[in-house]
Amino acid sequence: MPFRLQSSYSPGGDQPEAIEKITRSLLADNRHQTLLGVTGSGKTFTVANVIEHLDRPALVLSHNKTLAAQLYSEFKQFFPHNAVEYFVSYFDYYQPEAYIPRSDTYIEKDSAINDEIERLRLSTVSSLLTRRDVIVVASVSCIYGLGSPDDFMEMLISLRRGQQISRDAVLQKFVAMLYERNDYDFSRGKFRVRGDVVELHQAQQDDTALRIEFFGDEIERLSLVDPLTGKTREQLESITVFPAKQFVTPAEKMKPAIAAIRAELEERVAFFEKENKLIEAQRIRMRTEFDLEMMQEMGFCAGIENYSRHLSGRPAGSRPFTLMDFLPEDTLTVIDESHATVPQFGGMYAGDRSRKTVLVNYGFRLPSALDNRPLIFREFMEMTGQILYVSATPGPFEFRNSKAGNVSYLPNSETDGKEPLPLLPPPAGAAFDCETPGAPLVVEQIIRPTGLLDPVIKIRPLQGQIDETIALCRERTEKGERVLVTTLTKRTAEDLTDYLCDVGLKVRYLHSDVDTIERVEILRDLRAGRFDILVGINLLREGLDLPEVSLVCILDADKEGYLRSQTSLIQTAGRAARHSEGTVYLFADILTKSIRALLEISEYRRNKQLAYNEKHGITPQSVVRAVQESLHMIVKGREVEQSILREEEGEFDAGELLRELRQEMAEAAAALEYERAALLRDQIRELEGGKSSGNSAARTSFSYAKKTPSPKGKKRKAF
């Protein structure tokens, strides 16, 4: 279906002009355009409007998982009827395989996969293969190796009611798609068999399972069921089942792949023996033979991604398949916080290559492992179509490409800025009058619809910065406002958090060692008031939407460097730009070049907003936005069964009630009805406490449940 933007507010401030200019530029076939939007000006809403006008798939790139999760949540609200997907690294913890020759230390690969994020990644691939109204919010993970789209399509199976196919043939296909049979622990990625009934818990689904009922060699019935209770939710005429893993290889490709790996092994062993590196020769033979045996017997082995070039049949030196290969050709690429995202994407290849070269040279991996890599930046640019850079502080790369029109320039580190990339085909369709192709396009979005000004900047001396920070925090928290404090190191952030806790403040820290889901939960808890102060380093910068934050304290602001550069200071200061009392304190003894730039830019933006406010009679108002539910709740709220509480002959089933209350709470959260969700949560807690005292106590404590309407407007019965 077409993209349909839903929002309770309409574009304001600089947004209407920015939306029109960017849309015109894109429809005029310009490949590069930049949105220079200040914090709090509604850049995400502007991008959402552009996507709706273009009505094309979009890839939204972010440089960190925390911001990606926030963008995912916002786009889910803007486009509730379209497919908004989340694609980031599924590792909560990842230690890459490495070898340190100096100390003869081999570090084995170690990782912890987040099942929920893995499911979201599979859901992303499934959506891209089955529909066009897709917005993918992704991190740098999108340029790392993924299975071949052709192999993925070849491995899926389509089932329909009345289809002539044997049960055993379906089971064999499920096994080939890397699903596991388990008749007792029925969870995601597994199937179970009971006579002529086969139940499959699809890899990209969480709260529904597929039931296939056979009559001989004919599919008699297809149903979606609750995986816990087995209750039927929906009858189906047909369904497409996708593989359980992102890396799948058809059986006919496995045999030639194993032969190619073995041939490369013999060649590598001969090379090491010729160089008299007998230890390396023995090492590579033992490791590779073990992997080959596992692939032959199990169809899989640890580190199978290192053989991806052979498994996919790619020539040596070719780029890997990535998420970019699953995207339609006319996909709009939106690079959010481009000043940080572009350099990150450009730096991935060199580090990966350096680590794997050592492994290859010392016999831990075959040379083909070097082809399991992220995309080179040139390859990434060649695979993208039209690009919209979004940032409050765009870099030289964005400005140069936007002003170059249809010619793409790479960073100086790769081509000295002299060699342009070839043009990609222009998009189809036009709804706006087109501007001149190739015209420079950098759109400023400085005026905020709320009338809010850039925060006031104040400078304080370094001496006594901790004591003054404590005093400032107490002043703000007494008024129910939130505070961000930035330090220079993780150790300092943790120590300062402990110190502030000791003086009676409610505080937590946030840095890169905190796992993905917990980062989102910490930001939710800050907004919800479960604590008042958040201490961080570099994550408290780009894109974080925290309207309750009125104070930002930047410690050691005069320590010029990456964390205290002009870009960093502007981005960090912007976290207080969504509050009418926003203030930023810089603790510094020296007025550095970066601090001066921050003061000048802030004054320019404040004056422009003030003039606009006076002209239109606007009084600045703090941003008010509901605290968003957790990533878990947003995902589980996709397909929630509508239900009414049951009462049978005066008997009360507490377990059934708890299940249905949780479903209704998830549905309320998905519909952004947070007050009703909170009430349901409190009722669940009371019911769980009442279960131990008997059903009569539970009935008594729930006598007021009838006051909360169900999603269909029906009333709950009193117990």
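# Exercises on a predicted model

Glutamate 518 is partly exposed, with 35% relative accessible area. The structure is a predicted model, and the exercises below start from this residue.

**A salt bridge between a strand and a helix**

Task. State which residue forms a salt bridge with glutamate 518, and where the two partners lie.

Solution. Begin with the partner: glutamate 518 forms a salt bridge with arginine 508, and their closest N and O atoms are 3.5 Å apart. Next, place the two residues: arginine 508 belongs to strand 24 (residues 507-510) and glutamate 518 to helix 16 (residues 516-528), so the bridge ties together parts that are 10 residues apart in sequence. Then take the exposure of each side. Arginine 508 has a relative accessible area of 30%, and that of glutamate 518 is 35%. Partly exposed covers values from 20% to 50%, so both residues fall in that class.

**A salt bridge within one helix**

Task. Determine how lysine 356 and aspartate 352 are placed along helix 10, and whether they are buried or exposed.

Solution. The side chains of lysine 356 and aspartate 352 meet in a salt bridge, at 3.5 Å from N to O. Both residues sit in helix 10 (residues 338-361), and because they are 4 residues apart there, about one helical turn separates them. For the last step, lysine 356 and aspartate 352 are both buried, a class that requires under 20% relative accessible area.

**Further salt bridges and a network**

Task. Give the number of salt bridges in the model, and name the residues that shared partners join into one network.

Solution. The count comes to 40 salt bridges. One of them pairs aspartate 556 with lysine 559, at 3.8 Å from N to O. The cut-off is within 4 Å, so this pair qualifies. Lysine 559 is partly exposed, at 38% relative accessibility. As for the network, salt bridges that share partners join Glu97, Arg287, Asp291 and Arg365.

**Helix 1 against helix 2**

Task. Describe how helix 1 and helix 2 cross, and classify the residues of their contact.

Solution. Start with the geometry: the two axes come within 9 Å and cross at roughly 40°. Angles under 35 degrees would count as roughly parallel, and helix 1 and helix 2 are therefore oblique to each other. Helix 1 passes helix 2 in a right-handed crossing. Then list the residues. From helix 1 come Gln15, Ala18, Ile19, Ile22, Thr23, Leu26 and Leu27, which meet Phe45, Thr46, Asn49, Val50, His53 and Leu54 of helix 2. Sorted by class, this contact holds 8 nonpolar and 5 polar residues, with no charged ones.

A further step concerns one residue of the contact, histidine 53, which is located in helix 2. Histidine 53 counts as partly exposed, at 33% relative accessibility. Its C-alpha atom is 9.9 Å from that of proline 2, although the two residues are 51 apart along the chain.

**Helix 2 against helix 3**

Task. Repeat the analysis for helix 2 and helix 3, giving angle, crossing and contact residues.

Solution. Helix 2 (residues 43-54) packs on helix 3 (residues 65-78) at an angle of about 50°, and their axes are 11 Å apart. The two helices are therefore oblique to each other. The crossing of helix 2 past helix 3 is right-handed. On the helix 2 side the contact uses Thr44, Phe45, Val47, Ala48 and Ile51; on the helix 3 side it uses Leu71, Glu74, Phe75 and Phe78. These residues divide into 7 nonpolar, 1 polar and 1 charged.

**Positive phi in two loops**

Task. Locate aspartate 29 and leucine 178, and give the phi of each.

Solution. The background is that most residues other than glycine have a negative phi. Aspartate 29 has a positive phi, near 75°. Aspartate 29 lies in the loop between helix 1 (15-27) and strand 1 (32-37), and is partly exposed at 30% relative accessible area. Leucine 178 also has a positive phi, near 70°. Leucine 178 is in the loop between helix 6 (167-176) and strand 10 (180-181), and is partly exposed at 24%.

**The surroundings of leucine 526**

Task. Establish whether leucine 526 is buried or exposed, and which residues beyond its sequence neighbours it contacts.

Solution. Leucine 526 is part of helix 16. Its relative accessible area is 1%, so it is buried. Setting aside neighbours within four places in sequence, leucine 526 contacts Arg482, Leu484, Phe531, Asp532, Ile533, Leu534, Leu546 and Val549. Finally, the C-alpha atoms of leucine 526 and valine 483 are separated by 9.1 Å, with their positions 43 residues apart along the chain.

Conventions:
Residues are numbered from 1 along each chain as its sequence is written. This is a predicted model: local features need pLDDT of at least 70, side-chain atom pairs count only at pLDDT 80 or more; totals for chains, interfaces and linings use all residues. Side-chain values use heavy atoms; hydrogens and water are left out. Buried means under 20% relative accessible area, exposed over 50%, partly exposed in between (1.4 Å probe, protein chains only). Axes are lines fitted to C-alpha atoms, for helices over the stretch in contact, and angles run from 0 to 180 degrees between N-to-C directions. Angles under 35 degrees count as roughly parallel, over 145 as roughly antiparallel, 65 to 115 as roughly perpendicular and the rest as oblique. A crossing is left-handed if the near helix is turned anticlockwise from the far one by less than a right angle, and right-handed if clockwise. Contact means heavy atoms within 4.5 Å. Ala, Val, Leu, Ile, Met, Phe, Trp, Tyr, Cys and Pro count as nonpolar, Asp, Glu, Lys and Arg as charged, and the others, Gly among them, as polar.
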